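Please explain how this protein chain is put together, moving from its helices to its strands and pointing out the side-chain pairs that connect them.

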Amino acid sequence: MRCQARAWQAARLEWKADLERWKAENERFKAASRDARKRGETPAVSDPGPPPTGFALLPWLLMGMGAFANLLQGRTPDPLVGGLGLFAFNTLYIYVTFRSFDRARREEPRTRVALLLMGLLTTGLAVGYGGNWLMFFPLLGLATGAALRGPWLGRSGILLAVYAAALSGVRGDWSDATNIGYATFLSTMVTAAILGLSEAVRELRAAREELARRAVEEERARFSRDLHDLLGHTLSVIVVKSEAARRLAPRDMDAALGQITDIESVGRQALTEIREAVTGYREGSLATELDRARSALTAAGVEPVFRRSGTALAPQTEALLGWVVREAVTNVIRHSDAGRCEIAVTGTAERVRLTVTDDGSGTPVSRSAPGIGGTGLTGLTERLAAAGGSLTAGPAPRGGFTVTAELPLVAQEPAAARPTAPDPS
(Lines give C-alpha, C1' and ligand atoms only; values in the text may rest on other atoms or scores of the structure.)
Protein backbone atom coordinates (compact mmCIF):
# COMPACT_ATOMS: atom_id res chain seq x y z
CA MET A 1 0.00 0.00 0.00
CA ARG A 2 2.87 2.39 0.77
CA CYS A 3 4.48 1.60 -2.59
CA GLN A 4 1.17 2.22 -4.35
CA ALA A 5 0.68 5.48 -2.47
CA ARG A 6 4.12 6.64 -3.60
CA ALA A 7 3.26 5.66 -7.18
CA TRP A 8 0.03 7.69 -7.00
CA GLN A 9 1.95 10.64 -5.61
CA ALA A 10 4.50 10.42 -8.43
CA ALA A 11 1.68 10.25 -10.98
CA ARG A 12 0.02 13.27 -9.40
CA LEU A 13 3.26 15.28 -9.53
CA GLU A 14 3.78 14.31 -13.16
CA TRP A 15 0.21 15.35 -13.97
CA LYS A 16 0.78 18.72 -12.31
CA ALA A 17 3.98 19.22 -14.32
CA ASP A 18 2.12 18.39 -17.56
CA LEU A 19 -0.64 20.78 -16.53
CA GLU A 20 1.88 23.58 -15.94
CA ARG A 21 3.43 22.97 -19.36
CA TRP A 22 -0.01 23.06 -20.94
CA LYS A 23 -0.79 26.35 -19.18
CA ALA A 24 2.42 27.87 -20.57
CA GLU A 25 1.61 26.61 -24.08
CA ASN A 26 -1.95 27.86 -23.73
CA GLU A 27 -0.73 31.34 -22.82
CA ARG A 28 1.53 31.37 -25.90
CA PHE A 29 -1.37 30.19 -28.05
CA LYS A 30 -3.67 32.93 -26.72
CA ALA A 31 -0.99 35.58 -27.33
CA ALA A 32 -0.47 34.33 -30.91
CA SER A 33 -4.23 34.27 -31.48
CA ARG A 34 -4.59 37.84 -30.24
CA ASP A 35 -1.79 39.00 -32.53
CA ALA A 36 -3.35 37.17 -35.50
CA ARG A 37 -6.76 38.72 -34.85
CA LYS A 38 -5.19 42.20 -34.60
CA ARG A 39 -3.67 41.66 -38.05
CA GLY A 40 -7.06 40.49 -39.34
CA GLU A 41 -5.87 36.90 -39.79
CA THR A 42 -7.28 33.58 -38.63
CA PRO A 43 -5.23 31.76 -35.96
CA ALA A 44 -3.14 29.03 -37.55
CA VAL A 45 -3.98 26.36 -34.97
CA SER A 46 -6.68 25.72 -32.43
CA ASP A 47 -6.18 25.31 -28.71
CA PRO A 48 -5.23 21.63 -28.15
CA GLY A 49 -6.49 21.66 -24.56
CA PRO A 50 -4.77 20.10 -21.56
CA PRO A 51 -2.81 16.90 -22.08
CA PRO A 52 -4.82 13.71 -21.34
CA THR A 53 -3.87 11.80 -18.20
CA GLY A 54 -5.15 8.87 -16.19
CA PHE A 55 -7.45 11.23 -14.29
CA ALA A 56 -9.71 11.21 -17.37
CA LEU A 57 -10.57 7.54 -16.71
CA LEU A 58 -11.01 7.75 -12.95
CA PRO A 59 -14.74 8.71 -13.01
CA TRP A 60 -15.54 5.36 -14.61
CA LEU A 61 -14.75 3.71 -11.29
CA LEU A 62 -18.26 4.77 -10.28
CA MET A 63 -19.44 1.71 -12.23
CA GLY A 64 -18.29 -0.30 -9.20
CA MET A 65 -20.53 1.60 -6.79
CA GLY A 66 -23.06 -1.25 -6.89
CA ALA A 67 -20.51 -3.67 -5.51
CA PHE A 68 -19.46 -1.13 -2.89
CA ALA A 69 -23.11 -0.65 -1.86
CA ASN A 70 -23.48 -4.41 -1.44
CA LEU A 71 -20.50 -4.35 0.91
CA LEU A 72 -21.95 -1.53 2.99
CA GLN A 73 -25.37 -3.17 3.18
CA GLY A 74 -23.91 -6.52 4.26
CA ARG A 75 -25.31 -8.42 1.29
CA THR A 76 -21.88 -9.71 0.25
CA PRO A 77 -20.59 -12.98 1.72
CA ASP A 78 -17.11 -12.71 3.21
CA PRO A 79 -17.13 -8.88 3.16
CA LEU A 80 -13.45 -8.76 4.13
CA VAL A 81 -12.45 -10.71 1.03
CA GLY A 82 -14.81 -8.62 -1.10
CA GLY A 83 -13.45 -5.36 0.34
CA LEU A 84 -9.85 -6.41 -0.30
CA GLY A 85 -10.77 -7.51 -3.80
CA LEU A 86 -12.47 -4.17 -4.49
CA PHE A 87 -9.45 -2.26 -3.17
CA ALA A 88 -7.04 -4.39 -5.20
CA PHE A 89 -9.10 -3.96 -8.37
CA ASN A 90 -9.23 -0.17 -8.00
CA THR A 91 -5.50 -0.08 -7.30
CA LEU A 92 -4.66 -2.12 -10.41
CA TYR A 93 -7.07 -0.05 -12.51
CA ILE A 94 -5.45 3.21 -11.46
CA TYR A 95 -1.96 1.75 -11.94
CA VAL A 96 -2.69 0.50 -15.48
CA THR A 97 -4.59 3.57 -16.70
CA PHE A 98 -2.02 6.07 -15.48
CA ARG A 99 0.81 4.14 -17.10
CA SER A 100 -1.17 3.85 -20.34
CA PHE A 101 -0.81 7.57 -21.11
CA ASP A 102 2.97 7.22 -21.45
CA ARG A 103 4.01 5.14 -24.46
CA ALA A 104 7.25 3.89 -22.94
CA ARG A 105 5.63 2.80 -19.67
CA ARG A 106 2.58 1.45 -21.48
CA GLU A 107 4.73 -1.02 -23.40
CA GLU A 108 6.71 -2.20 -20.36
CA PRO A 109 6.11 -5.80 -19.19
CA ARG A 110 4.98 -4.67 -15.73
CA THR A 111 1.99 -2.89 -17.26
CA ARG A 112 0.94 -6.06 -19.10
CA VAL A 113 1.44 -8.12 -15.93
CA ALA A 114 -0.73 -5.69 -13.96
CA LEU A 115 -3.42 -5.93 -16.67
CA LEU A 116 -3.29 -9.73 -16.50
CA LEU A 117 -3.62 -9.67 -12.71
CA MET A 118 -6.55 -7.31 -13.10
CA GLY A 119 -8.22 -9.81 -15.42
CA LEU A 120 -7.68 -12.68 -12.99
CA LEU A 121 -9.04 -10.62 -10.11
CA THR A 122 -12.10 -9.59 -12.16
CA THR A 123 -12.75 -13.24 -12.97
CA GLY A 124 -12.50 -14.24 -9.30
CA LEU A 125 -14.84 -11.49 -8.14
CA ALA A 126 -17.36 -12.24 -10.91
CA VAL A 127 -17.39 -15.97 -10.17
CA GLY A 128 -17.50 -15.48 -6.42
CA TYR A 129 -20.17 -12.79 -6.18
CA GLY A 130 -21.89 -12.19 -9.56
CA GLY A 131 -24.57 -9.48 -9.79
CA ASN A 132 -23.13 -5.96 -9.59
CA TRP A 133 -19.62 -7.37 -9.45
CA LEU A 134 -19.95 -8.31 -13.15
CA MET A 135 -19.72 -4.59 -13.96
CA PHE A 136 -16.00 -4.85 -13.38
CA PHE A 137 -15.68 -6.41 -16.86
CA PRO A 138 -16.46 -3.10 -18.66
CA LEU A 139 -13.89 -1.45 -16.36
CA LEU A 140 -11.42 -4.14 -17.36
CA GLY A 141 -12.28 -3.30 -20.99
CA LEU A 142 -11.47 0.38 -20.35
CA ALA A 143 -8.06 -0.51 -18.93
CA THR A 144 -7.42 -2.96 -21.79
CA GLY A 145 -8.28 -0.36 -24.43
CA ALA A 146 -6.01 2.18 -22.76
CA ALA A 147 -3.06 -0.20 -22.41
CA LEU A 148 -3.29 -2.23 -25.63
CA ARG A 149 -3.11 -0.04 -28.75
CA GLY A 150 -1.79 -2.06 -31.61
CA PRO A 151 -2.43 -5.05 -33.85
CA TRP A 152 -3.63 -7.17 -30.90
CA LEU A 153 -6.31 -4.73 -29.80
CA GLY A 154 -9.15 -6.04 -31.99
CA ARG A 155 -8.56 -9.68 -31.08
CA SER A 156 -8.16 -8.85 -27.41
CA GLY A 157 -11.38 -6.82 -27.40
CA ILE A 158 -13.40 -9.60 -29.04
CA LEU A 159 -11.96 -12.34 -26.81
CA LEU A 160 -12.52 -10.26 -23.67
CA ALA A 161 -16.12 -9.49 -24.66
CA VAL A 162 -16.90 -13.16 -25.40
CA TYR A 163 -15.23 -14.24 -22.16
CA ALA A 164 -17.17 -11.65 -20.11
CA ALA A 165 -20.48 -12.64 -21.75
CA ALA A 166 -19.88 -16.37 -21.19
CA LEU A 167 -18.85 -15.91 -17.56
CA SER A 168 -21.82 -13.62 -16.92
CA GLY A 169 -24.19 -16.19 -18.44
CA VAL A 170 -22.77 -19.00 -16.33
CA ARG A 171 -22.74 -16.95 -13.11
CA GLY A 172 -25.94 -14.99 -13.56
CA ASP A 173 -28.69 -14.47 -16.10
CA TRP A 174 -28.08 -15.09 -19.78
CA SER A 175 -30.19 -12.04 -20.58
CA ASP A 176 -27.54 -9.88 -18.89
CA ALA A 177 -24.66 -11.70 -20.57
CA THR A 178 -25.23 -9.89 -23.86
CA ASN A 179 -25.26 -6.50 -22.14
CA ILE A 180 -22.06 -7.26 -20.21
CA GLY A 181 -20.28 -8.56 -23.34
CA TYR A 182 -21.40 -5.61 -25.46
CA ALA A 183 -20.44 -3.08 -22.77
CA THR A 184 -17.03 -4.74 -22.40
CA PHE A 185 -16.33 -4.71 -26.15
CA LEU A 186 -17.57 -1.14 -26.56
CA SER A 187 -15.54 0.22 -23.64
CA THR A 188 -12.41 -1.49 -24.97
CA MET A 189 -12.62 -0.27 -28.56
CA VAL A 190 -13.98 3.23 -27.89
CA THR A 191 -11.35 3.95 -25.24
CA ALA A 192 -8.54 2.78 -27.54
CA ALA A 193 -9.91 4.82 -30.47
CA ILE A 194 -10.33 8.06 -28.51
CA LEU A 195 -6.97 7.86 -26.78
CA GLY A 196 -5.23 6.80 -30.01
CA LEU A 197 -6.69 9.75 -31.93
CA SER A 198 -5.76 12.15 -29.15
CA GLU A 199 -2.19 10.87 -29.13
CA ALA A 200 -1.95 11.02 -32.94
CA VAL A 201 -3.21 14.62 -33.00
CA ARG A 202 -0.66 15.70 -30.43
CA GLU A 203 2.16 13.91 -32.24
CA LEU A 204 1.16 15.57 -35.52
CA ARG A 205 1.04 18.95 -33.81
CA ALA A 206 4.50 18.37 -32.31
CA ALA A 207 5.82 17.27 -35.72
CA ARG A 208 4.39 20.40 -37.34
CA GLU A 209 6.03 22.60 -34.72
CA GLU A 210 9.33 20.79 -35.24
CA LEU A 211 9.12 21.25 -39.02
CA ALA A 212 8.36 24.94 -38.53
CA ARG A 213 11.33 25.29 -36.18
CA ARG A 214 13.65 23.57 -38.67
CA ALA A 215 12.36 25.76 -41.50
CA VAL A 216 13.22 28.85 -39.46
CA GLU A 217 16.70 27.49 -38.71
CA GLU A 218 17.31 26.67 -42.39
CA GLU A 219 16.17 30.13 -43.44
CA ARG A 220 18.49 31.72 -40.90
CA ALA A 221 21.38 29.58 -42.16
CA ARG A 222 20.61 30.53 -45.76
CA PHE A 223 20.40 34.21 -44.91
CA SER A 224 23.67 34.25 -42.95
CA ARG A 225 25.45 32.24 -45.65
CA ASP A 226 24.29 34.54 -48.44
CA LEU A 227 25.18 37.67 -46.51
CA HIS A 228 28.65 36.35 -45.77
CA ASP A 229 29.31 35.39 -49.36
CA LEU A 230 27.84 38.60 -50.75
CA LEU A 231 29.37 41.12 -48.36
CA GLY A 232 32.74 39.39 -48.03
CA HIS A 233 33.40 39.56 -51.75
CA THR A 234 31.83 42.99 -52.27
CA LEU A 235 33.69 44.64 -49.43
CA SER A 236 36.96 43.10 -50.61
CA VAL A 237 36.41 44.58 -54.10
CA ILE A 238 35.53 47.98 -52.62
CA VAL A 239 38.67 47.97 -50.45
CA VAL A 240 40.91 46.97 -53.35
CA LYS A 241 39.44 49.57 -55.71
CA SER A 242 39.59 52.24 -53.00
CA GLU A 243 43.31 51.54 -52.53
CA ALA A 244 43.79 51.69 -56.30
CA ALA A 245 41.95 55.04 -56.48
CA ARG A 246 44.10 56.42 -53.63
CA ARG A 247 47.29 55.39 -55.44
CA LEU A 248 46.14 56.75 -58.80
CA ALA A 249 44.71 60.06 -57.55
CA PRO A 250 48.07 61.99 -57.39
CA ARG A 251 49.16 60.80 -60.87
CA ASP A 252 46.05 60.14 -62.95
CA MET A 253 42.77 61.65 -61.76
CA ASP A 254 40.77 60.19 -64.65
CA ALA A 255 41.88 56.65 -63.77
CA ALA A 256 41.10 57.29 -60.10
CA LEU A 257 37.61 58.55 -61.05
CA GLY A 258 37.14 55.36 -63.06
CA GLN A 259 37.94 53.27 -59.96
CA ILE A 260 35.52 55.38 -57.90
CA THR A 261 32.84 54.82 -60.53
CA ASP A 262 33.47 51.10 -60.25
CA ILE A 263 33.11 51.35 -56.48
CA GLU A 264 29.74 53.05 -56.89
CA SER A 265 28.62 50.39 -59.36
CA VAL A 266 29.75 47.55 -57.06
CA GLY A 267 27.95 49.15 -54.10
CA ARG A 268 24.69 49.53 -56.03
CA GLN A 269 24.89 45.96 -57.27
CA ALA A 270 25.57 44.76 -53.73
CA LEU A 271 22.40 46.50 -52.49
CA THR A 272 20.38 44.77 -55.20
CA GLU A 273 21.88 41.37 -54.38
CA ILE A 274 21.28 41.79 -50.66
CA ARG A 275 17.62 42.57 -51.33
CA GLU A 276 17.38 39.48 -53.51
CA ALA A 277 19.14 37.36 -50.88
CA VAL A 278 16.67 38.50 -48.24
CA THR A 279 13.74 37.45 -50.40
CA GLY A 280 15.44 34.18 -51.32
CA TYR A 281 15.14 34.62 -55.10
CA ARG A 282 18.73 35.35 -56.00
CA GLU A 283 20.14 33.17 -58.80
CA GLY A 284 23.72 34.03 -59.58
CA SER A 285 25.16 33.95 -63.09
CA LEU A 286 28.54 32.38 -63.68
CA ALA A 287 29.33 34.79 -66.53
CA THR A 288 28.52 37.77 -64.29
CA GLU A 289 30.72 36.45 -61.51
CA LEU A 290 33.58 35.84 -63.95
CA ASP A 291 33.33 39.44 -65.16
CA ARG A 292 33.37 40.70 -61.57
CA ALA A 293 36.32 38.45 -60.78
CA ARG A 294 38.23 39.85 -63.75
CA SER A 295 37.62 43.42 -62.56
CA ALA A 296 38.51 42.67 -58.93
CA LEU A 297 41.68 40.73 -59.79
CA THR A 298 42.87 43.42 -62.22
CA ALA A 299 42.32 46.15 -59.64
CA ALA A 300 44.29 44.13 -57.09
CA GLY A 301 47.21 43.71 -59.48
CA VAL A 302 46.56 40.01 -60.13
CA GLU A 303 46.65 38.76 -63.73
CA PRO A 304 43.36 36.97 -64.55
CA VAL A 305 43.29 34.00 -66.94
CA PHE A 306 39.91 32.44 -67.83
CA ARG A 307 39.19 29.21 -69.71
CA ARG A 308 35.72 27.79 -70.27
CA SER A 309 34.45 24.88 -72.38
CA GLY A 310 31.58 22.41 -72.34
CA THR A 311 27.81 22.48 -72.56
CA ALA A 312 25.43 25.17 -71.31
CA LEU A 313 24.65 24.84 -67.63
CA ALA A 314 21.38 24.95 -65.74
CA PRO A 315 20.73 28.14 -63.71
CA GLN A 316 21.12 26.25 -60.41
CA THR A 317 24.52 24.88 -61.47
CA GLU A 318 25.69 28.30 -62.65
CA ALA A 319 24.55 29.87 -59.38
CA LEU A 320 26.56 27.37 -57.30
CA LEU A 321 29.69 27.76 -59.44
CA GLY A 322 29.26 31.53 -59.25
CA TRP A 323 29.39 31.32 -55.45
CA VAL A 324 32.62 29.28 -55.71
CA VAL A 325 34.21 31.85 -58.04
CA ARG A 326 33.18 34.68 -55.71
CA GLU A 327 34.60 33.03 -52.58
CA ALA A 328 37.78 31.74 -54.22
CA VAL A 329 38.63 35.09 -55.85
CA THR A 330 37.96 36.89 -52.56
CA ASN A 331 40.45 34.57 -50.83
CA VAL A 332 43.02 35.14 -53.61
CA ILE A 333 42.78 38.91 -53.16
CA ARG A 334 42.84 38.75 -49.36
CA HIS A 335 45.33 36.02 -48.53
CA SER A 336 47.43 34.73 -51.41
CA ASP A 337 49.80 37.58 -52.43
CA ALA A 338 49.47 36.07 -55.92
CA GLY A 339 50.46 37.66 -59.24
CA ARG A 340 48.36 35.35 -61.44
CA CYS A 341 45.01 33.62 -61.01
CA GLU A 342 43.63 31.05 -63.44
CA ILE A 343 39.93 30.09 -63.51
CA ALA A 344 38.94 27.10 -65.64
CA VAL A 345 35.46 25.69 -66.25
CA THR A 346 35.36 22.34 -68.06
CA GLY A 347 32.38 20.10 -68.68
CA THR A 348 32.14 16.40 -69.51
CA ALA A 349 29.15 14.26 -70.42
CA GLU A 350 28.13 13.93 -66.79
CA ARG A 351 29.88 16.51 -64.62
CA VAL A 352 31.26 20.04 -64.70
CA ARG A 353 34.45 21.10 -62.95
CA LEU A 354 35.56 24.55 -61.84
CA THR A 355 39.18 25.12 -60.85
CA VAL A 356 40.61 28.33 -59.37
CA THR A 357 44.41 28.29 -59.09
CA ASP A 358 46.79 31.03 -58.02
CA ASP A 359 50.59 31.26 -57.81
CA GLY A 360 50.64 32.79 -54.34
CA SER A 361 52.03 31.57 -51.05
CA GLY A 362 49.82 28.47 -50.94
CA THR A 363 48.78 29.15 -47.37
CA PRO A 364 45.47 27.33 -46.71
CA VAL A 365 42.51 29.59 -45.99
CA SER A 366 41.16 28.84 -42.52
CA ARG A 367 37.71 27.33 -42.48
CA SER A 368 34.94 28.29 -40.13
CA ALA A 369 34.85 26.79 -36.69
CA PRO A 370 33.05 23.45 -36.21
CA GLY A 371 29.34 23.85 -35.75
CA ILE A 372 29.22 27.23 -37.57
CA GLY A 373 27.81 26.60 -41.02
CA GLY A 374 27.34 28.88 -43.92
CA THR A 375 30.67 30.76 -43.94
CA GLY A 376 33.60 30.55 -46.33
CA LEU A 377 34.67 27.25 -47.80
CA THR A 378 32.67 25.31 -45.23
CA GLY A 379 29.43 26.88 -46.42
CA LEU A 380 30.33 26.18 -50.06
CA THR A 381 31.17 22.57 -49.25
CA GLU A 382 27.74 22.13 -47.68
CA ARG A 383 26.00 23.74 -50.65
CA LEU A 384 27.75 21.59 -53.22
CA ALA A 385 27.29 18.41 -51.19
CA ALA A 386 23.55 19.09 -51.02
CA ALA A 387 23.50 19.31 -54.84
CA GLY A 388 25.46 16.07 -55.25
CA GLY A 389 28.81 17.73 -55.83
CA SER A 390 32.06 18.23 -53.96
CA LEU A 391 34.58 20.94 -53.10
CA THR A 392 38.29 20.52 -52.37
CA ALA A 393 40.82 23.19 -51.47
CA GLY A 394 44.51 23.02 -50.71
CA PRO A 395 48.07 23.88 -51.80
CA ALA A 396 48.79 23.16 -55.47
CA PRO A 397 51.60 20.69 -56.38
CA ARG A 398 53.58 23.44 -58.16
CA GLY A 399 52.93 26.07 -55.54
CA GLY A 400 50.05 28.35 -54.90
CA PHE A 401 46.55 27.36 -53.84
CA THR A 402 43.81 25.48 -55.72
CA VAL A 403 40.06 25.33 -55.19
CA THR A 404 38.23 22.63 -57.19
CA ALA A 405 34.45 22.27 -57.39
CA GLU A 406 32.57 19.48 -59.16
CA LEU A 407 28.84 19.25 -59.82
CA PRO A 408 26.55 16.92 -61.77
CA LEU A 409 26.00 18.37 -65.23
CA VAL A 410 22.40 19.35 -65.97
CA ALA A 411 22.64 20.66 -69.49
CA GLN A 412 19.94 22.80 -71.06
CA GLU A 413 20.82 22.40 -74.72
CA PRO A 414 23.96 21.04 -76.40
CA ALA A 415 26.36 23.84 -77.17
CA ALA A 416 29.63 24.03 -78.95
CA ALA A 417 32.79 24.29 -76.97
CA ARG A 418 33.35 27.84 -75.97
CA PRO A 419 36.65 29.47 -76.95
CA THR A 420 39.09 30.60 -74.39
CA ALA A 421 38.28 34.09 -73.21
CA PRO A 422 41.10 36.48 -74.13
CA ASP A 423 43.12 37.90 -71.31
CA PRO A 424 42.62 41.65 -71.23
CA SER A 425 46.02 42.09 -69.77
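Helices, as the word is used here, are DSSP runs of H or I with at least four residues, numbered from the N terminus. With that in mind, and remembering that this is a predicted model, one can start at helix α2, which covers residues 65-73, and at glycine 74, which comes just after α2 and takes a positive phi of about 75°.

Within α2 the buried residues are Ala67, Asn70 and Leu71. Seen down the axis of α2, these buried residues fall within an arc of 100°, and they therefore line one face of the helix. The face turned away from that buried side carries the exposed residues Leu72 and Gln73, while the cover over the buried residues of α2 includes α3 and α6, the latter being residues 136-147.

Helix α3, made up of residues 79-100, is also where isoleucine 94 lies. Isoleucine 94 counts as buried because its relative accessibility is 15%, below the 20% under which a residue is called buried. Its C-alpha atom is separated by 8.7 Å from that of phenylalanine 55, although the two residues are 39 residues apart along the chain.

The UniProt record, in an unreviewed entry, places the feature "transmembrane region" at residues 53-72, 79-96, 116-140, 152-170 and 182-201. Two of these spans can be described from the model. Residues 53-72 are 40% helix and 0% strand, with their end C-alpha atoms 31 Å apart. Residues 152-170, by contrast, are 95% helix and 0% strand, and there the end C-alpha atoms lie 27 Å apart.

Charged side chains provide another way to follow the fold, since the structure holds 15 salt bridges. One of them joins glutamate 199 to arginine 106, with the closest N and O atoms 3.4 Å apart. This pair links distant parts of the chain, glutamate 199 being in helix α8 (residues 174-248) and arginine 106 in helix α4 (residues 103-106), 93 residues apart. Both glutamate 199 and arginine 106 are buried, and both belong to a network of salt bridges that links Arg103, Arg106, Arg149, Glu199 and Glu203.

Helix α8 takes part in a further salt bridge, in which aspartate 262 pairs with lysine 241 and the closest N and O atoms are 3.3 Å apart. Because aspartate 262 lies in helix α9 (residues 253-279) and lysine 241 in helix α8, the pair ties together parts that are 21 residues apart in sequence. What is the state of exposure of aspartate 262, and is lysine 241 buried or exposed? Aspartate 262 counts as partly exposed, at 30% relative accessibility, whereas lysine 241 counts as buried, at 3%.

The strands come next. Strand β1 (residues 303-308) and strand β2 (residues 340-347) pair in the parallel sense over six bridges, and valine 305 has glutamate 342 in β2 as its bridge partner. Between these two strands the chain crosses from β1 through helix α11 (residues 315-336) to β2, and this β-α-β crossover is left-handed.

From β2 the chain continues through a hairpin of three residues that joins β2 to β3. These two strands pair in the antiparallel sense over seven bridges, and glycine 347 stands opposite valine 352 in β3.

A second antiparallel pairing, over six bridges, is formed by strand β4 (residues 390-395) and β5, where proline 395 has phenylalanine 401 in β5 as its bridge partner. The hairpin of β4 and β5 has five residues between the strands, and in it glycine 399 takes a positive phi near 100°.

Strand β5 is also the place of threonine 402, which is buried, with a relative accessible area of 16%. Leaving aside neighbours within four places in sequence, threonine 402 is in contact with Thr355, Val356, Thr357, Thr392, Ala393, Gly394 and Ala396.

A last salt bridge brings β3 and β5 into one picture, for the side chains of arginine 353 and glutamate 406 meet at 2.4 Å, N to O. Arginine 353 sits in strand β3 (residues 351-358) and glutamate 406 in strand β5 (residues 401-408), so that this pair links distant parts of the chain, 53 residues apart. At 40% relative accessibility, arginine 353 counts as partly exposed.

Conventions:
Residues numbered from 1 in each chain as written. Predicted model: local features only at pLDDT ≥ 70, side-chain atom pairs only at ≥ 80, totals over all residues. Heavy atoms only, no water. Buried < 20%, exposed > 50% of the residue type's maximum accessible area, 1.4 Å probe, protein only. Salt bridge = Lys/Arg side-chain N within 4 Å of Asp/Glu carboxyl O. Pairing = 2+ DSSP bridges. UniProt positions renumbered as here; feature names shortened; annotations may be inferred. Arc of directions from axis to C-beta. Contact = heavy atoms within 4.5 Å. Right-handed = clockwise from strand over helix to strand, strands pointing away.
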